[in-house]
Amino acid sequence: MRKIMAGLVLLFVSMQAASLHGQSSKYPPLSEYMMTPQAEAALARSAAPEAITGHATVKILTPFGYKVATEGDNGFVCLVMRGWGAPTFTPGQLRDLVYYSKLRAPICFNPVASRTVLPLQELRARLGMEGKTPDQIAEAIQAAYAKGELPKMEMVAFAYMFSADQDLGPGVGHWHPHMMVYTPYYENSLLGGNPGVLPIVGDDAGTPFAVTVIPVDHNLAVKSQGK
């Protein structure tokens, strides 16, 4: 099983890198990133089990950034990330996902992540919508965090990404339902130092925004009611 999961991680990274190599660094029209409000809300709710999403706040993307579509009462916030949510710093080969307008990554942030990670993702989206390059997004994120304009990532936070309808990039598609664990400053050495073996620090290792990815049973995938 460990070898299989290691192979999946390597395939995940290599297929995205190959598909994006040589892609124009010009953003497609913003309209290609957009969805109808109803379809987007349904896709956002597919990120986690109904017991969570049924009481969560749901945000949808508008030309002016993410806006609340439904107000919840459990502290969770669900939305559909676009390519602008790709790693800010590493791995570098995935940063060009900002230009992949078809990426749809439904995610439900737990209450801690809603306070800390959500503002980060909303800023990434606004910068991408302004036409900023991956380097410019990284610089702006770093500057905002240093100035205290983004909440400090001082504790572990979680998010669900269980959607059966996620599109995480060319050649990857739905991948596996998984948990995103926001582990500030984590390196893979803290998980045992086994390269390519899940769980793994997949994004921004060693930074305040480091993300540990933990796949779950594929049978837990949630189908969007908008499909």
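Contact is defined here as heavy atoms within 4.5 Å. By this criterion, residues 24 or more positions apart account for 67% of the contacts in the chain with a separation of 6 or more. The model is predicted, and local features were required to have pLDDT of at least 70, side-chain atom pairs were counted only at pLDDT 80 or more, and totals for chains, interfaces and linings use all residues. Residues are numbered from 1 along each chain as its sequence is written, and side-chain values use heavy atoms, with hydrogens and water left out.

The chain contains five helices and eight strands, taken as DSSP runs numbered from the N terminus (helices, H or I, at least four residues; strands, E, at least two). Along the sequence these elements follow the pattern α-α-α-β-β-β-β-α-α-β-β-β-β. Of the 227 residues in the chain, 51% are buried, where buried means under 20% relative accessible area, exposed means over 50%, and partly exposed lies in between (1.4 Å probe, protein chains only).

The eight strands form an open sheet of mixed pairing, in the order E2-E1-E3-E4-E5-E6-E8-E7; two strands are taken to pair if DSSP finds at least two bridges between them. Strand E2 (65–70) and strand E7 (200–203) stand at the edges with a single partner strand each, so one side of each is left without a neighbour in the sheet. From one strand to the next the twist averages 35°. Angles run from 0 to 180 degrees between N-to-C directions, and axes are lines fitted to C-alpha atoms, for helices over the stretch in contact.

Strand E1 (57–62) is joined to E2 by five bridges, and the two strands run antiparallel. The connection between E1 and E2 is a hairpin of two residues, and Lys59 has Val68 in E2 as its bridge partner. With E3, E1 runs parallel and shares two bridges; Thr57 stands opposite Val77 in E3. Six of the six residues of E1 are buried, so this strand is largely enclosed by the rest of the structure. Burial applies to both faces of E1, with Thr57, Lys59 and Leu61 on one side and Val58, Ile60 and Thr62 on the other. Strand E3 is in turn joined to strand E4 (residues 105–109) by five bridges in an antiparallel arrangement, in which Met81 is paired with Ala105 of E4.

Helix H2 (residues 37–45) lies across E1, E2, E3 and E4 and runs at about 135° to E1. Helix H4 also packs on the sheet, where it touches E1, E2, E3, E4, strand E5 (157–161) and strand E6 (178–182), and its direction makes about 145° with that of E4. In H2 the buried residues are Glu40, Ala41, Ala42, Leu43 and Ala44, and their cover includes E1, E2, E3 and E4.

A residue of the C-terminal segment also contacts H2 residues Ala42 and Leu43. Ser224 lies in the segment after strand E8 (211–215). At 4% relative accessibility, Ser224 counts as buried. Apart from residues up to four places away in sequence, Ser224 touches Ala42, Leu43, Ser46 and Asp165. The C-alpha atoms of Ser224 and Ala42 are separated by 5.8 Å, although the two residues are 182 residues apart along the chain.

The structure holds two cavities of 30 Å³ or more. A cavity is a set of points, on a 1 Å grid over the protein atoms alone, where a 1.4 Å probe fits but cannot get out, and lining residues have an atom within 4 Å of a point. Grid points are joined across faces, edges and corners, and a volume is the space filled by probe spheres set on the points. The largest cavity holds about 60 Å³ of space and is lined by Tyr66, Leu79, Met81, Arg82, Trp84, Gly85, Gln121, Glu122, Arg124 and Ala125. Strand E3 (77–81) and helix H4 (111–129) are the elements that give two or more residues to this lining, and H4 supplies the largest share, four residues. By class, the lining of the largest cavity has five nonpolar, two polar and three charged residues; Ala, Val, Leu, Ile, Met, Phe, Trp, Tyr, Cys and Pro count as nonpolar, Asp, Glu, Lys and Arg as charged, and the others, Gly among them, as polar.

The second largest cavity has about 50 Å³ of space. Its lining consists of Trp84, Ala86, Pro87, Thr88, Arg95, Val98, Pro134 and Ile137, which divide into six nonpolar, one polar and one charged. Trp84 is listed in the lining of the largest cavity and in that of the second largest cavity.

How values were computed
On a 1 Å grid over the protein atoms alone, a cavity is a set of points where a 1.4 Å probe fits but cannot get out, and a pocket is an open set with protein on both sides within 12 Å along at least five of seven lines; lining residues have an atom within 4 Å of a point.
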